[in-house]
Amino acid sequence: SIVVVSLFSVLVLVLAGVIYHHFRNQFVKKVEVRIEQKNGKGFLTQQEVLSLFEKGDSIQMIKVKDLKLNKIKSEISKNPYVEKADAFINISGNVIVNVKEKVALLRLVNKKGKSCYIDVQGGLFPLGKSYTERALFVNGYIKAPLKLGKSVNDSTYSKTMLPGLYKLAMKIYSNQFLNAEISQIFVN
């Protein structure tokens, strides 16, 4: 009985090795992009996400063992509209890419007419080219340089009104009644 158990164990290990070798040498079958967006619409499309990491050749021309998932994640994460990205390969050889898009908390226009969004984490990001998110509109006498990629909690903004505007916008955003009633803040 010890011999049978030993043989069975060796057989299972050999079979697992063969399956693993076959899995790593197969070509990627397809790429599935899933984008988590507010209300199902947003700044990014599936095709735009694909173009962030598919440079030239299709990803389906690559073997599973040659696929660099961390590089895919880092390329997608560089996009200013992406809050979080993840990529993995399932057992069928499909690449699954999950993207969480930033949620615009407010749209800010400073005194010089420059405009950007501030997300719920306080990060500044650009306006969309083909999509405009409904967000609290803030304009007026705002004397702050809008540096995309920075946070309102950055030392650049410590002596400006941006941290206060962000806190006020978060209070409005988190209150269902205020969020429905207030659509613009004018800084005087």
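Biologist: What is the relative accessibility of Lys100?
Modeller: This is a predicted model, numbered from 1 along each chain as its sequence is written, and side-chain values use heavy atoms, with hydrogens and water left out. Local features need pLDDT of at least 70 and side-chain atom pairs count only at pLDDT 80 or more, while totals for chains, interfaces and linings use all residues. Buried means under 20% relative accessible area, exposed over 50%, and partly exposed in between (1.4 Å probe, protein chains only). Lys100 counts as partly exposed, with a relative accessibility of 28%.

Biologist: Which residue meets Lys100 in a salt bridge?
Modeller: A salt bridge needs a side-chain nitrogen of Lys or Arg within 4 Å of a carboxyl oxygen of Asp or Glu. Here the N to O distance is 3.4 Å, which satisfies that rule. The partner of Lys100 is Glu83.

Biologist: How many residues apart in sequence are Glu83 and Lys100?
Modeller: Helices and strands are DSSP runs (H or I, at least four residues, for helices; E, at least two, for strands), numbered from the N terminus. Glu83 lies in strand S2 (residues 82-89) and Lys100 in strand S3. The salt bridge therefore ties together parts whose separation in sequence is 17 residues.

Biologist: Which residue forms a salt bridge with Glu32?
Modeller: Glu32 is partly exposed, at 28% relative accessible area. Its partner is also partly exposed, at 39%. The closest N and O atoms are 2.9 Å apart, and the partner is Arg34.

Biologist: Is Glu133 buried or exposed?
Modeller: Glu133 meets Lys38 in a salt bridge, 3.7 Å from N to O. Glu133 lies in the loop between strand S6 (124-125) and strand S7 (136-140) and Lys38 in the loop between S1 and H2, so the pair ties together parts 95 residues apart in sequence. Lys38 is partly exposed, at 28%. Glu133, at 6% relative accessibility, counts as buried.

Biologist: How many salt bridges does a search of the whole structure find?
Modeller: Side chains of opposite charge can pair when their charged atoms come close. Glu32 with Arg34 is one example. The search of the whole structure gives a count of five.

Biologist: What is the angle between the ring planes of Phe43 and Tyr117?
Modeller: Rings of Phe, Tyr and Trp (its six-membered ring) pair if their centres lie within 6.5 Å; planes under 30 degrees apart count as stacked, over 60 as edge-to-face and the rest as tilted. By this rule there are seven aromatic pairs. Phe43 and Tyr117 have their centres 5.5 Å apart, and the pair is edge-to-face because the planes stand at 65°.

Biologist: How many residues apart are Phe43 and Tyr117?
Modeller: Phe43 sits in the loop between S1 and H2, and Tyr117 in strand S5 (residues 115-119). Phe43 is buried, at 6% relative accessible area, and Tyr117 is buried, at 1%. The pair links distant parts of the chain, with a separation of 74 residues.

Biologist: Which residues form one aromatic cluster?
Modeller: Phe43 and Tyr117 are an edge-to-face pair. Both belong to the cluster, whose members are Phe43, Tyr81, Tyr117, Phe125 and Tyr131.

Biologist: Which residues is Gln37 in contact with, leaving aside neighbours within four places in sequence?
Modeller: Gln37 is found in the loop between S1 and H2. Contact means heavy atoms within 4.5 Å. The residues that qualify are Gly42, Phe43, Leu44 and Glu101.

Biologist: Which residues of helix H2 (residues 46-53) are buried?
Modeller: Strand S1 (31-36), helix H3 (69-77) and strand S3 (95-101) are among what covers the buried residues of H2. Those buried residues are Val49, Leu50, Leu52 and Phe53.

Biologist: What arc do Val49, Leu50, Leu52 and Phe53, buried in H2, cover around the axis?
Modeller: The arc is that of the directions from the helix axis to the C-beta atoms. These four are the buried residues of H2. They lie on the same side of H2, because the arc is only 150°.

Biologist: Which residues does Ile172 touch, not counting residues up to four places away in sequence?
Modeller: Ile172 is found in helix H4 (residues 162-174). Ile172 is buried, with a relative accessible area of 5%. It touches Leu136, Leu178, Asn179, Ile182 and Ile185.
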